[in-house]
Amino acid sequence: MTPPLLDVQHLTVVFEGPRAALTAVDDVSFQIAQGETLGLVGESGSGKSVTAFAILRLLQPPGRINGGRVFFDGRDLLALSEREMRAIRGARISLIFQEPMTALNPVMRVGDQIAEALRVHGLATGAEAQNRAVELLRAVRIADAERRVRDYPHQLSGGMRQRVMIAIALACQPPLVIADEPTTALDVTIQAQVLELLRELKAQYRLAVLLITHDFGVIAEMADRVAVMYKGALVEQGPVRQILRAPAHDYTRSLLAAIPGGRR
Ligand code: ADP
Ligand code: MG
């Protein structure tokens, strides 16, 4: 059997407080196979983003990993140097955030931001990187990509900015993308379009995705398997269809009850 692409084992994250430490991620274990989408679902504050940041070793103090291991492509990420980790972030594992306006550089043309991602990882420079940027904007279905590549983020709609974020995330053709509430900030129609795009790109690029959301409806549409997080711990995980049909945990049932339009 091929080992999983991502193998998170007993991950624990604490935030040191003035009096006590708060355990934000509590003994969390899950795997993602190549090309697979795992949904990580839970209410706000349950520890989803902290899990993502811990995997990428982007936690800021007072947060710190207090236990567990994270294997990616057979390598123990928690044992790598910061330099080795930088070579992985963006190139092998990329991150799509909820809010593209804060993640994009407001004073840099979007094409240059895509080109920069390629340059940093030594994949392309100059005119070649600019051409790649146009291709990537086309890949995320931005119309008039040759012109849009020279736009600044504020000249784009929210949905287009999120497409640019996705283009940056895909620039180095990473095997794994972590998408943290990628559509939460968008209105419903645009949200559906961006999800559709992600679904297409996933198949086209054979991407594995860790899809983080508070919305079980998004999971039902996008994920192969789901892990349900509650107060820092995983309460259950399994194939999406199975958990939709027969949720084992009361908390999962309450998340399912909150899907607009009922269970799919
Ligand atoms: P979500 O599931 O909404 O993404 P987070 O992973 O962002 O939740 O946060 C999980 C918990 O971690 C929060 O409820 C909070 O208690 C704690 N936490 C997150 N960031 C910090 C921080 N910078 N300082 C202290 N505690 C934090
Ligand atoms: Mg979050």
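# Working through the fold: exercises

In helix 4 (residues 110-120), the buried residues are Val110, Gly111, Gln113, Ile114, Ala115, Ala117 and Leu118. Buried here means under 20% relative accessible area, with exposed over 50% and partly exposed in between (1.4 Å probe, protein chains only). Helices (H or I, at least four residues) and strands (E, at least two) are DSSP runs, numbered from the N terminus.

A quick word on ground rules: this is a predicted model, where local features need pLDDT of at least 70, side-chain atom pairs count only at pLDDT 80 or more, and totals for chains, interfaces and linings use all residues. Residues are numbered from 1 along each chain as its sequence is written, chains are lettered from A and ligands numbered from 1 in the order in which they are written, and side-chain values use heavy atoms, leaving out hydrogens and water.

**Exercise 1. Find what the buried residues of helix 4 pack against.**

Solution. Step one: take contact as heavy atoms within 4.5 Å. Step two: look around those buried residues, and you meet helix 5 (126-139), helix 6 (145-148) and helix 7. Step three: walk off the end of helix 4, where Gly122 has a positive phi of about 70°.

**Exercise 2. Check the length of helix 7 (residues 158-170), then work out how enclosed it is.**

Solution. Start with the rule: the expected span is 1.5 Å times one less than the number of residues. For the 13 residues of helix 7 that gives 18 Å, and the end C-alpha atoms sit 19 Å apart, which agrees. Next, burial: twelve of the 13 residues are buried, so helix 7 is largely enclosed by the rest of the structure. Among them are Arg161, Gln162 and Arg163, as well as Met165, Ile166 and Leu170.

**Exercise 3. Track down the unusual backbone angles at Pro62, Asp144 and Gln173.**

Solution. Keep the background in mind: most residues other than glycine have a negative phi, and most peptide bonds are trans. First, the Pro61 to Pro62 peptide bond is cis, with omega near 10°; Pro62 belongs to the loop between helix 1 (48-55) and strand 4 (63-72). Second, Asp144 isn't a glycine, yet its phi is positive at about 60°. Asp144 sits in the loop between helix 5 and helix 6 and is partly exposed, at 41% relative accessible area. Third, Gln173 has a positive phi near 50°, and you'll find Gln173 in the loop between helix 7 and strand 7 (176-180).

**Exercise 4. Describe the surroundings of Glu43.**

Solution. Locate Glu43 first: it's in the loop between strand 3 (37-41) and helix 1. With 37% relative accessibility, Glu43 is partly exposed. Now skip the neighbours within four places in sequence; the contacts left for Glu43 are Lys48, Met229, Tyr230 and Tyr251. Finally, try Val226: it is 183 residues from Glu43 along the chain, and their C-alpha atoms are 14 Å apart.

**Exercise 5. Zoom out and test the whole protein against a compact globule.**

Solution. Count elements: eleven helices and ten strands. Then use the globule rule, 2.2 Å times the number of residues to the power 0.38, with the radius of gyration taken over C-alpha atoms. For 264 residues a compact globule would come out near 18 Å, and the protein has 18 Å, which agrees. Along the principal axes, the C-alpha atoms fill a box of roughly 50 × 45 × 45 Å. Buried residues make up 49% of the 264. Last, take contacts between residues at least 6 apart in sequence: 67% of these join residues at least 24 apart.
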